[in-house]
Amino acid sequence: MNIDWMPYLPELKTIAIALGIALALWLAAHLATRILSRFTRPFLFPRLLMEQVKPPLHLIVPLIGVQTVWTAASDDLLWMSGLRHITLLLIIGAFTWLGLRVVLAVQKVIIHHHPVNVVDNLNARRIQTQTKVLVQTLSFFVLLFGAAAMLMTFPAARQFGTSILASAGLAGLAVGFAAKPVLGNLIAGLQIAFTQPIRLDDVVIVANEWGRIEEITGTYVVVKVWDERRLIVPLQWFIENPFQNWTRTTSQLIGSIFFWMDYSVPIDSLRQELQKLVQEVPELWDGRVAGLQVTDTTENSVQIRVLVSSSDSGKNFDLRCFVREKIVSFIAQNYPEGLPKLRATLSEEKDEKAQTSTISEPERQPPV
């Protein structure tokens with residue numbers, strides 16, 4: 001079957017020119033980005049920026065060349081209107097991709113300059129938290145603007161927008177009510193970024209669960225619980241509910257241990273033993289607080305509270321377990337009489353039985 005290509009010759013010629021220009025510009029873009037990568041290698045931000053923007057640039061440059069060919073071509077050519085529209089959509093999508101990559105490059109630079117794997121990482125965690133939340137918000141708006149720009153290329157979409165302008169108030173209320181969770185979390189994310197109630201790697205108590213802030217997204221927070229579980233909490237929850245943050249200003253922590261002992265336990269000996277114990281574990285005890293006090297008494301025992309401090313919550317937990325085990329062992333070996341006792345007086349019970357038998361005996365004798 002022979003096909004007569006002569007009627008389509010102008011279209012085929014235009015497409016061939018567009019493909020040739022696209023290939024040439026694609027090769028030129030690769031060469032240019034390779035040269036720029038060599039020049040920017042000694043500098044952190046330009047290097048990271050080039051690594052991120054190379055893929056979208058390799059797409060944008062040929063697309064602009066193709067769109068230039070379509071624009072210069074005659075409007076009478078077959079499929080020309082559709083090709084122009086499709087290429088325009090691809091260009092908008094590529095620029096949206098470029099914007100996302102630029103934002104990601106800025107985030108990587110900030111994180112590189114503020115690492116959290118240092119001893120005093122409070123400021124670094126604050127900056128990283130702000131950066132990640134703001135980058136997620138900015139990425140959302142980049143995608144939103146990109147999608148809006150694509151929709152505006154369709155005449156029907158513009159006409160639809162004009163037709164519903166009269167009912168914009170009611171539609172706005174409906175959309176706002178439907179998008180309340182999304183918008184609420186978005187606003188909560190901005191609040192968290194600026195007010196900093198939580199930061200990455202903060203130690204928190206959420207819903208009676210101890211864990212660390214592992215990830216902050218645009219809608220929720222991932223809390224890594226101590227037993228490797230993950231607690232997913234909406235961002236808005238942290239704005240509306242109270243919670244504990246153990247590393248809000250510093251990671252140092254004072255932990256308490258409680259013992260119930262007999263009145264005969266030697267308090268001074270326990271204080272000396274506590275000082276000796278904390279000196280044995282300098283990797284857990286930071287040297288600030290190590291105290292022992294009697295904080296309560298009952299009719300049978302006394303309550304002893306031990307306070308010990310550490311540089312962070314994990315070390316403090318290990319230190320409290322160590323002190324608790326050693327103190328219990330010390331008392332059991334040296335002062336077993338100091339352990340709590342349950343006392344009972346048997347002599348009173350015997351006297352009551354004797355009095356009962358003395359009184360009841362005449363009653364069992366027959367009357368005279």
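This passage describes the helix packing, the two sheets and the nonpolar cores of a predicted model.

In the N-terminal-numbered helices, H2 spans residues 44-72 and H3 spans residues 80-113. The axes of these two helices come within 9 Å and cross at roughly 170°. Angles over 145 degrees count as roughly antiparallel, and H2 and H3 are therefore roughly antiparallel to each other. The contact of H2 with H3 comprises 27 nonpolar, 6 polar and 4 charged residues. Thr96 is a residue of helix H3. Its relative accessibility is 12%, so Thr96 counts as buried. With neighbours within four places in sequence left aside, Thr96 is in contact with Val142, Leu143 and Gly146.

One open sheet consists of 5 strands in the order S4-S3-S2-S1-S5, with antiparallel pairing. Its edge strands are S4 and S5, the latter covering residues 244-245, and each of them pairs on one side only. Within this sheet, strand S2 (residues 209-216) runs antiparallel to strand S3 (residues 220-225), and 5 bridges join the two. The connection from S2 to S3 is a hairpin through 3 residues. Across this pair, Ile213 is placed opposite Val223 of S3. S3 also pairs with strand S4 (residues 230-234), again in the antiparallel sense and over 5 bridges. Here Lys224 has Arg230 of S4 as its bridge partner. The hairpin of S3 and S4 has 4 residues between the strands, and Glu228 in this hairpin takes a positive phi near 75°.

Trp210 is located in strand S2. The relative accessibility of Trp210 is 24%, and the residue therefore counts as partly exposed; the buried class ends at 20%. With neighbours within four places in sequence excluded, the contacts of Trp210 are Val203, Val204, Ile205, Lys224, Val225, Trp226, Trp246 and Ser313. Among them, Lys224 is the residue whose bridge partner in S4 is Arg230. Trp210 and Gln244 are separated by 34 residues in sequence, while their C-alpha atoms are 9.3 Å apart in space.

A further open sheet has 3 strands in the order S6-S8-S7, and its pairing is antiparallel. S6 and S7 are the edge strands, each pairing on one side only. From one strand to the next, the twist averages 25°. The pairing of S6 with S8 is antiparallel and extends over 9 bridges. One residue pair in this ladder is Phe259 with its bridge partner Ile304 in S8. Two helices lie across strands of this sheet. H9 lies across S7 and S8, running at about 145° to S7. H10 lies across S6 and S8, and its direction is at about 20° to S6.

In soluble globular proteins, nonpolar side chains tend to be buried together. The largest nonpolar core of the model has 24 residues, and those with the most contacts inside it are Ile304, Val306 and Val323. The elements giving two or more residues to this core are strand S6 (253-261), helix H9 (267-280), strand S7 (290-297), strand S8 (302-310) and helix H10 (313-334). H10 gives the most, with 6 residues. Apart from neighbours within four places in sequence, Val323 is in contact with Ile257, Leu274, Leu277, Val306 and Val308. A second, separate core has 15 residues, including Ile198, Val221, Val223 and Leu235. Of these, Val223 is the S3 residue that stands opposite Ile213.

Technical notes. Residues are numbered from 1 along each chain as its sequence is written. This is a predicted model: local features need pLDDT of at least 70, side-chain atom pairs count only at pLDDT 80 or more; totals for chains, interfaces and linings use all residues. Side-chain values use heavy atoms; hydrogens and water are left out. Two strands pair if DSSP finds at least two bridges between them. Axes are lines fitted to C-alpha atoms, for helices over the stretch in contact, and angles run from 0 to 180 degrees between N-to-C directions. Angles under 35 degrees count as roughly parallel, over 145 as roughly antiparallel, 65 to 115 as roughly perpendicular and the rest as oblique. Ala, Val, Leu, Ile, Met, Phe, Trp, Tyr, Cys and Pro count as nonpolar, Asp, Glu, Lys and Arg as charged, and the others, Gly among them, as polar. A nonpolar core is a set of buried Ala, Val, Leu, Ile, Met, Phe, Trp, Tyr and Cys residues joined through side-chain atoms within 4.5 Å. Buried means under 20% relative accessible area, exposed over 50%, partly exposed in between (1.4 Å probe, protein chains only). Contact means heavy atoms within 4.5 Å.
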